[in-house]
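Dear colleague,

Please find below the structure that I am handing over to you, followed by an account of what was found in it. I would be grateful if you read the two side by side.

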Amino acid sequence: MSKTFFTIFCLLIYAFLLAPIVVVVLASFNSGAFLTFPPQGLSLRWYVVFFHNEVFWRAIKTSLWIAAVTTVISSIIGTMAAIYHVQFAGKLKETVRVAMMAPLLLPEVLTAIALLFFVYTIGIGTQTVLPLIIGHVLITLPFVFINVSASLESYDVSWTMAARSLGAGPFTRFWRIMLPLIKPGVIGGALFAFIISFDVFTISFMLKSVGMSTLPIQLYDYLRTNFTPEAAAVSSLSVFLTLLVVVVTEKFLGLKIHRF
Amino acid sequence: MNPLASKKRASLLLIAPAALLIFFFLVLPYLTIVVMSFRVPGDGTPYAPGFTTGNYLHFFSDSFFLQQTFNTLMIGAICTLVCLVLGFPVAWQLARGNSRLRGIAYGIVLSPLLVGIVIRSYGWTIILGNNGMINRTLISMGLVDRPVGLMYNTLGIVIALSHVFLPFMILPVMAAIQGIDPSLESAARSLGASRATIFRRIILPLSMPGIQAGCILTFVLSLSAYVTPALIGGSKVKTMAVTVVDTLVDTFQWPFGSALALMLAVTGAVIVVIFARMTRMKWKAA
């Protein structure tokens, strides 16, 4: 009896976790002019409206290229830091870990404000996209770091030694031995970096240059004044894109995610 | 130079980019907020030359901001409690369950993290709004004749924030429960302990590090959440984080906004430290 109750309780919580996402996707197929429940009928009307909306497409493009640049920088810096952390840090290991995790542990809104003041204080301001990229790299770095570190913990240093005794130089050792073996961690970290960068709001909101808009910012602006299901269509597309990226990565590259 | 020292020096190049990034774009900026909070408010500019403690005096002398800080801390505490109550059973099921469905369940727990916070909050406005799913259902069933206030109030903020941060409670608690040897439970059972006793005397104390981590994460995240309270609370109910951003972005009062942000951060940190101390002591004594 109590076991059934427990299972039902858990199922309700899973439903709670999925509810807002499912609702957004359902709402996007609503044929009515406003968001109503139950939907007034099925239609792709709002997708058509959205496909003709220049503003959202520009925001999606901006978000995609920022996420791509962020992922590349963050993956390289984060992987290097993880290698240092696992293989060379020695007594500093814990310090390095705390420092690298700091952007995740500190409140995002405070980090965003801090960066905003800082870029103005040193005079670069938010005229360019640079502050935004810096903010995104900072916030995604912990995800790369933790995933790659986890992969490296099971990497045996004697493999590097063996390669060296056979005459491989440092770059060959990295490309041919270490990287293929820690690949799942690097890919998992890069995937998280991409998704986080694509979705992050507060950092982008504070650091964006004038007239620039990422998808979350555009959506947020839209939602403050509009209630049509167009926003639901945009959101659903974003959810599908994320899902696609995760599934494709998992299928073709193999994936192992360590979030904590 | 001996080869060991040169290897050590070369390895520093690995950490250099990350270390420089963290130092220049995290450590220095945080120092900038502290300095900014002592700046003189500007007239037409974000701040004026000179330093003052006036921004903090302003905070302490205005009951509006004190009240709002208190409300924000309460919202954070309630969300943490809700997440713990809802999250623990799921964490337990994920850690101990061995069915094929475990992978799917784990995916569901992770799924909110892969969807942007704006979209998740938007989903809640569809569910909770006056014209939303719940109110529509209640009205069509004839249970109420006017919409129940679920949005633009503290209740809505708590519901949505609890959803947003639930995974941050479940994951660390799950990790802690996975670390408990199941044979401890069997041993206790064979010695005649009831299910409640096993939970209270074995599971709870041993999963405490995970509970602690989950509570601290959830609490800190809900204090500093911006998007969810801004969208769900609207202009009627504001949390401190929303006021801080408004002060900075809309009215350009950088020094006062910094003081507000730091006061929230400091009170939050004090509560976290007290919580960490209390939970540790209590469970050592037990």
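Helices are DSSP runs of H or I of at least four residues, numbered from the N terminus. Helix H7 of chain B, in that numbering, is where B:Leu161 is placed. Please note that this is a predicted model.

Let me begin with that residue. B:Leu161 counts as buried because 28 C-beta neighbours lie inside 10 Å, where 20 or more are required. Not counting residues up to four places away in sequence, B:Leu161 touches B:Cys79, B:Ser222, B:Ala225 and B:Thr228. Of these, B:Ser222 is 61 residues apart from B:Leu161 along the chain, and the C-alpha atoms of the two are separated by 6.6 Å.

H7(B), which spans residues 154-178, also matters for the largest nonpolar core. That core has 152 residues, and H7(B) gives the largest share of them, 16 residues. Which residues have the most contacts inside the core? They are A:Ala81 and A:Ile113. If neighbours within four places in sequence are left aside, A:Ala81 is in contact with A:Met100 and A:Phe145, and also with B:Leu14, B:Ile15 and B:Ala18 of the other chain.

Chain A as a whole may be described next. Chain A contains eleven helices and zero strands. Its C-alpha atoms fill a box of roughly 70 × 65 × 35 Å along the principal axes. Chain A has 260 residues, of which 45% count as buried. Among the contacts in chain A with a separation of 6 or more, 76% join residues 24 or more positions apart.

The interface comes next. On the side of chain A, 60 residues are in contact with 57 residues of chain B. Several helices of chain A each supply at least two residues of the side that touches chain B, including H1 (2-28), H3 (54-88), H6 (130-153) and H8 (170-199). H1(A) provides the largest share of that side, 14 residues. By residue type, the side of chain A that touches chain B divides into 49 nonpolar, eight polar and three charged residues.

Two helices, one in each chain, invite a check of length against bend. H4(A) has 13 residues, which at 1.5 Å a residue should span 18 Å; its end C-alpha atoms are 18 Å apart, so expectation and model agree. H4(A) nevertheless bends by about 25 degrees at A:Ala99, and a proline, A:Pro103, follows within four residues. Buried residues of H4(A) include A:Val96, A:Ala99, A:Met100, A:Pro103 and A:Leu104. A:Met100 has already appeared above as a contact of A:Ala81.

Helix H4 of chain B, residues 102-114, also has 13 residues and an expected span of 18 Å; its end C-alpha atoms are 19 Å apart, which agrees. H4(B) bends by about 30 degrees at B:Ile108, and B:Pro112 is the proline that follows within four residues.

Chain B also contains a pair of strands. E1(B), residues 39-41, and E2(B), residues 47-51, pair in the antiparallel sense over three bridges. Within this pairing, B:Val40 stands opposite B:Ala48 in E2(B). The hairpin has five residues between the strands, and B:Gly44 takes a positive phi near 90 degrees there.

Which residues have a positive phi although they are not glycines? One is B:Tyr152, with a phi of about 55 degrees, and another is B:Phe252, with a phi of about 60 degrees. B:Tyr152 lies in the loop between H6 (133-140) and H7 of chain B. B:Tyr152 counts as partly exposed because it has 18 C-beta neighbours inside 10 Å. B:Phe252 lies in the loop between H12 (240-250) and H13 (254-285) of chain B. With 14 C-beta neighbours inside 10 Å, B:Phe252 likewise counts as partly exposed.

A last residue is A:Phe205, which is placed in helix H9 of chain A, residues 202-207. Is A:Phe205 buried or exposed? A:Phe205 is buried, because 23 other C-beta atoms lie within 10 Å. A:Asn226 is 21 residues apart from A:Phe205 along the chain, and their C-alpha atoms are separated by 19 Å.

With kind regards

Note on methods:
Residues numbered from 1 in each chain as written. Chains lettered and ligands numbered in written order. Predicted model: local features only at pLDDT ≥ 70, side-chain atom pairs only at ≥ 80, totals over all residues. Expected span 1.5 Å × (residues − 1). Bend = angle between axes of the 7 residues up to and from the residue. Buried ≥ 20, exposed ≤ 12 C-beta atoms within 10 Å, placed from the backbone. Contact = placed C-beta atoms within 7 Å. Nonpolar A, V, L, I, M, F, W, Y, C, P; charged D, E, K, R; others polar. Pairing = 2+ DSSP bridges. Core = buried A, V, L, I, M, F, W, Y, C linked by C-beta atoms within 7 Å.
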